[in-house]
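The following questions and answers examine a single protein chain. Please consult the sequence and the structure while reading.

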Amino acid sequence: MLDREREELVERLIKWGYLTKPNVIAAFRKVPRHEFIPDSERSYAYYDQPLPIGKGQTISAPSMIAIMMETLDLSLGMRVLEIGAGSGYNAALIAEVVGKKGVVVTVERIKELAEFAEENLKKTGYGWVKVVIGDGSLGYEEGAPWDRILVTACAPELPRPLIKQLKIGGKLGAPVGRDYMFQTWTIAEKTESGEISITEHGGCSFVPLIGRCGWNKED
C-alpha cells in the first residue's frame with residue numbers, strides 16, 4: 001500500500017513539474033519516506049505536505065525537497081554536506097543519488113533528532129551516511145571542501161563558514177530571509193574567481209537555523 005502511495009506521489013510531482021531529473025526521480029521512488037517520520041504521522045507519509053518530527057522540527061513537503069534536490073544538480077560521487085539532519089530523509093535521498101562513491105555528512109544541533117536520523121538511515125540501508133551533532137551554521141570543516149551544501153533551515157543570510165567550505169564550482173542551497181514564515185530558496189555557486197553567484201528559486205518556509213552564524217534562540 002505505502003509503496004503504491006509513494007509511486008503515486010512521484011507521478012504527481014513529475015506531472016506538476018517538480019521532478020525532472022532521472023537520478024532524483026529514482027531516489028524519490030526508492031527511499032521510503034514513511035520510515036523517516038514518527039509512527040503517528042505515517043498515514044500522511046505520501047501527502048505533499050510538511051510533517052512534524054518532534055522537538056519543534058518538521059520534514060519538508062516532498063515538492064519542496066524536490067526543488068532543493070534538483071536545484072543543487074547532484075551527481076554520482078559528490079561530497080555533500082547537509083545542515084539540519086532532521087529525520088534523515090533528505091540525507092537518504094542525497095546518498096541514493098551520490099552513491100557510496102560519494103560522501104554524505106549531515107549536521108544536527110538537536111541530539112534526539114540526530115539519533116532519530118541515524119537510526120532511520122541505518123534501518124533503510126544508508127548507515128554509511130555520517131551524522132554529526134553540532135552547530136550546523138559553522139558547517140563541517142573536517143570534510144571540506146564540499147561539492148554541495150544543503151541547508152534545511154532558514155538563515156538571515158548565507159553563513160560565511162559554509163561559503164568558505166564550498167569548493168570552487170560548488171553549489172550551496174539554503175532558504176534565506178529575515179521572516180521565519182517566508183524565505184527565498186537560494187542557490188549560491190562559487191565561481192573560478194572565488195566569487196559567489198546567486199540565483200533565486202521562489203518562496204519557501206523553513207524553521208530557523210539556530211547557531212553562531214544563524215539565528216539566536218532569543219531572536
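The exchange below treats the overall fold, the nonpolar cores, three helices, one buried lysine and the cysteines.

Q: How compact is the chain for its 219 residues, judged by its radius of gyration?
A: This is a predicted model, in which local features need pLDDT of at least 70 and side-chain atom pairs count only at pLDDT 80 or more, while totals for chains, interfaces and linings use all residues. Residues are numbered from 1 along each chain as its sequence is written, and side-chain values use heavy atoms, with hydrogens and water left out. There are six helices and nine strands in the chain, where helices (H or I, at least four residues) and strands (E, at least two) are DSSP runs numbered from the N terminus. The globule rule (2.2 Å times the number of residues to the power 0.38, with the radius taken over C-alpha atoms) gives 17 Å, so the chain is as compact as a globular protein of that length, its radius of gyration being 16 Å.

Q: What percentage of the residues of the chain count as buried?
A: Buried means under 20% relative accessible area, exposed means over 50%, and partly exposed lies in between (1.4 Å probe, protein chains only). The C-alpha atoms fill a box of roughly 50 × 40 × 30 Å along the principal axes. Of the 219 residues, the share that counts as buried is 53%.

Q: Which two residues touch the most other members of the largest nonpolar core?
A: A nonpolar core is a set of buried Ala, Val, Leu, Ile, Met, Phe, Trp, Tyr and Cys residues joined through side-chain atoms within 4.5 Å. Among the 50 residues of the largest such core, the two that touch the most other members are Phe 28 and Met 69.

Q: Which element supplies the largest share of this core?
A: Elements that each supply at least two residues of the core include α1 (2-15), α2 (22-30), α3 (62-71) and β8 (182-190). The largest share amounts to eight residues, and the element that supplies it is α4.

Q: Which residues is Met 69 in contact with, leaving aside its neighbours within four places in sequence?
A: Contact means heavy atoms within 4.5 Å. With those neighbours excluded, the contacts of Met 69 are Val 24, Phe 28, Leu 74, Leu 93, Ile 94 and Val 97.

Q: How many of the ten residues of α4 are buried?
A: The buried residues of α4 include Tyr 89, Asn 90, Leu 93 and Val 98. Just after α4, Gly 99 takes a positive phi of about 70°. The helix is largely enclosed by the rest of the structure, because the number of its residues that are buried is nine.

Q: Within what arc do the buried residues of α1 fall?
A: Arg 6, Leu 9, Val 10 and Leu 13 are buried in α1, and what covers them includes α2 and α3. The face turned away from this buried side carries the exposed residues Arg 4 and Lys 15. The arc is that of the directions from the helix axis to the C-beta atoms. Seen down the axis, the buried residues of α1 line one face of the helix, because they fall within an arc of 100°.

Q: What end-to-end reach does α5 have, from its first C-alpha to its last?
A: The expected span of a helix is 1.5 Å times one less than its number of residues. For the 13 residues of α5 this gives 18 Å, and the reach in the model is close to that, at 19 Å.

Q: Is Lys 171 buried or exposed?
A: Lys 171 lies in strand β7 (residues 166-179). Beyond its neighbours within four places in sequence, its contacts include Asp 73, Asp 147 and Glu 189. Its relative accessible area is 13%, so Lys 171 is buried.

Q: Which cysteine has the sulfur nearest to that of Cys 204?
A: A disulfide is a pair of cysteine sulfur atoms within 2.5 Å, and by this rule the count comes to zero disulfides. Cys 204 is buried, at 6% relative accessibility. The nearest cysteine sulfur is 7.8 Å away from Cys 204, and it belongs to Cys 154.

Q: What is the relative accessible area of Cys 213?
A: Cys 213 is in no disulfide, and the nearest cysteine sulfur, that of Cys 154, is 14 Å away. Cys 213 is partly exposed, with a relative accessible area of 25%.
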